[in-house]
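Subject: Structure handover and notes

Dear colleague,

I am passing on to you the structure that we spoke about, and below it I have written down what was found. Please keep the view open while you read, so that you can look up each place in turn.

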Amino acid sequence: MSGKLQKAFPAGPAPGKRVIGRVTLLSQVELHVLALDQDSPEKPIEIDIHHDGQFLQRITADSELKMREGKPAGRTGRFSFPENFAGKVDYNRIGVTFAATGKHLVGSPASAPLSDLPADRITYEDITEVDQSDELPPLDRLEVDEGSLTERQALFREQGVLRLQGLIPQAAMDAYSQARMRALGVAGNWKSGTPFMHVPELLSLCCNAGLGAVLEELISEPMGVHLNLTDWRSTERNWHQDDYLNPPRLKSWYVAVWMALDDISEDAGPFEYVPGSHRWPVMRREKVLQTLPQAHRAREDWPSLTQGAVSRACLEEVQRRGARVERFVARKGEVLIWHSRLIHRGSQPKDPALLRKALIAHYSSIHRRPGFPPAVQASEGGWYFPIRQPLF
Ligand SMILES: O=C(O)CCC(=O)C(=O)O
């Protein structure tokens with residue numbers, strides 16, 4: 001317990017209710033709450049604890065605290081962050097709210113307006129909007145001559161996802177797997193998001209001509225790779241769309257590809273997705289940012305700060321619509337292409353020791369990323385944006 005970290009806050013009313021409370025950080029890992037229902041001072045009060053927008057636990061402030069004259073001063077409760085949080089507790093990201101109203105207790109550091117709401121009160125509607133404008137790729141527009149679509153286009157328009165076996169020669173995947181193994185072994189990873197700039201086998205795989213042709217068939221413009229996720233474990237990034245993570249003017253001229261370099265075990269945290277969810281309202285960055293206190297909106301790590309609210313809102317929407325979740329338990333060589341608005345996630349592995357040998361590559365239209373260096377056509381036929389970042 002650290003005396004330096006001890007903070008005290010004045011008590012104050014929770015707006016609209018005669019329930020008041022304050023929270024005190026006793027140590028880096030322990031919170032103390034004091035709450036009082038002014039109409040029923042003997043009543044225990046339920047309090048929700050969040051960190052980084054993620055709901056952690058509901059506690060009850062039920063120990064009686066009496067003032068000197070014997071009058072009830074309120075009910076107290078304590079919360080200790082779980083052991084696996086050690087070192088990760090960021091004081092400014094702790095949210096402490098009344099369970100009944102969702103309002104923050106005085107002294108709850110992550111309090112501020114949508115940001116006044118705990119992540120579990122933010123709805124899909126709060127952070128999305130309907131967009132079927134003519135600025136979208138042709139397959140996403142309201143009016144499409146369905147009869148003129150190829151089978152793949154029709155599937156992608158309807159499902160937002162396409163699974164293909166045999167699209168990329170196995171030899172190209174194996175060559176990359178071996179190069180990665182030589183460079184990193186099984187557990188390592190590159191720091192760069194663009195390792196294709198350093199690893200010829202990776203560039204060759206991402207710029208495979210057959211793949212490039214299918215991406216162009218779906219989006220209607222040549223697509224250039226600009227991001228790789230090369231870990232052989234699930235990212236464990238919970239439910240989200242990719243669209244709001246990109247510049248708003250890019251709209252949906254964006255697509256991502258998941259390649260199975262080996263058979264993927266059911267227990268290794270497969271990629272999961274909700275077919276058809278790319279036709280639901282789309283998350284907007286400015287709306288997602290509203291869920292954060294003003295002071296945090298310019299932070300580089302805003303995607304992780306908002307991930308808790310985003311994934312919860314997605315899950316609720318999936319449940320509200322009774323939508324189906326699919327798992328990509330891929331066979332070696334299989335490729336999955338997904339739409340930038342598709343709700344998807346890297347699921348949590350049941351067995352964290354298992355490898356998930358995959359390559360993930362993200363692509364944008366080569367005509368629509370003015371902030372990137374001009375795209376270059378690789379000798380294989382596909383395109384890449386030559387973004388140089390140190391490999392390690
Ligand atoms: O780990 C995974 O399979 C999910 C990857 C993902 O969400 C992404 O690349 O946007």
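Why does Val335 count as buried? Please bear in mind throughout that this is a predicted model. A residue is called buried if 20 or more other C-beta atoms lie within 10 Å of its own, and Val335 counts as buried because it has 23 C-beta neighbours inside 10 Å. Leaving out residues up to four places away in sequence, Val335 touches Leu164, Leu167, Ile168, Val257 and Met259. Val335 and Gly269, by comparison, are 66 residues apart in sequence and lie 16 Å apart in space, taken from C-alpha to C-alpha.

Val335 belongs to strand 15, which covers residues 335–339 and is mostly covered, with five of its five residues buried. The cover is found on both faces of strand 15, since Val335, Ile337 and His339 on one side are buried, and so are Leu336 and Trp338 on the other. Two other strands pair with strand 15, and it may help to trace them one after the other. Strand 9, residues 161–164, runs antiparallel to strand 15 and is joined to it by four bridges, and within this pairing Val161 has Trp338 as its bridge partner. Strand 11, residues 254–260, also runs antiparallel to strand 15 and is joined to it by five bridges, with His339 as the bridge partner of Val255.

From there you can move on to the cores. The largest nonpolar core has 67 residues, and those with the most contacts inside it are Cys206, Leu215, Met259, Leu336, Ile337 and Tyr384. Strand 11 gives the most to this core, with six residues. If neighbours within four places in sequence are left aside, Leu336 is in contact with Val161, Arg163, Trp258, Phe271, Phe328 and Ala330. There is also a second, separate core of 17 residues, which includes Val19, Ala61, Phe79 and Phe98.

For the chain as a whole, there are six helices and 19 strands, and 40% of the 392 residues count as buried. The C-alpha trace spans about 85 × 50 × 35 Å along its principal axes. The domain assignment gives domain 1 as 3–111 and domain 2 as 127–384, and the centres of these two domains, taken over C-alpha atoms, are separated by 40 Å. Four residues of domain 1 are in contact with six residues of domain 2, and the residues on the domain 1 side of this contact divide into one nonpolar, two polar and one charged.

Strand 3, residues 45–51, is another place to examine, and it is mostly covered, with six of its seven residues buried. Strand 3 pairs with strand 4, residues 54–61, in the antiparallel sense over seven bridges, and the bridge partner of Ile49 in strand 4 is Gln57. These two strands form a hairpin with two residues between them, and Asp52 in the turn has a positive phi of about 60 degrees. Strand 3 also pairs with strand 7, residues 94–98, in the antiparallel sense over five bridges, where Ile49 stands opposite Val96.

Most residues other than glycine have a negative phi, and with that in mind you may like to look at two further places. Glu236 has a phi near 55 degrees, and Lys251 has a phi near 50 degrees. Glu236 is found in the loop between strand 10, residues 223–229, and strand 11, and the loop between strand 10 and strand 11 also holds Lys251. Are these residues buried or partly exposed? Glu236 counts as partly exposed because it has 13 C-beta neighbours inside 10 Å, whereas Lys251 counts as buried because it has 20.

Last comes the ligand. The residues around the ligand are Leu229, Ser234, Thr235, Arg237, Asp242, Ala256, Phe271, His344, Arg345, Gly346 and Ile360. By class, this shell has four nonpolar, four polar and three charged residues. Strand 16, residues 344–346, gives the most to the shell, with three residues.

With best wishes

Definitions and conventions
Residues numbered from 1 in each chain as written. Predicted model: local features only at pLDDT ≥ 70, side-chain atom pairs only at ≥ 80, totals over all residues. Buried ≥ 20, exposed ≤ 12 C-beta atoms within 10 Å, placed from the backbone. Pairing = 2+ DSSP bridges. Near = placed C-beta within 6 Å. Nonpolar A, V, L, I, M, F, W, Y, C, P; charged D, E, K, R; others polar. Domains from an automatic or database assignment. Contact = placed C-beta atoms within 7 Å. Core = buried A, V, L, I, M, F, W, Y, C linked by C-beta atoms within 7 Å.
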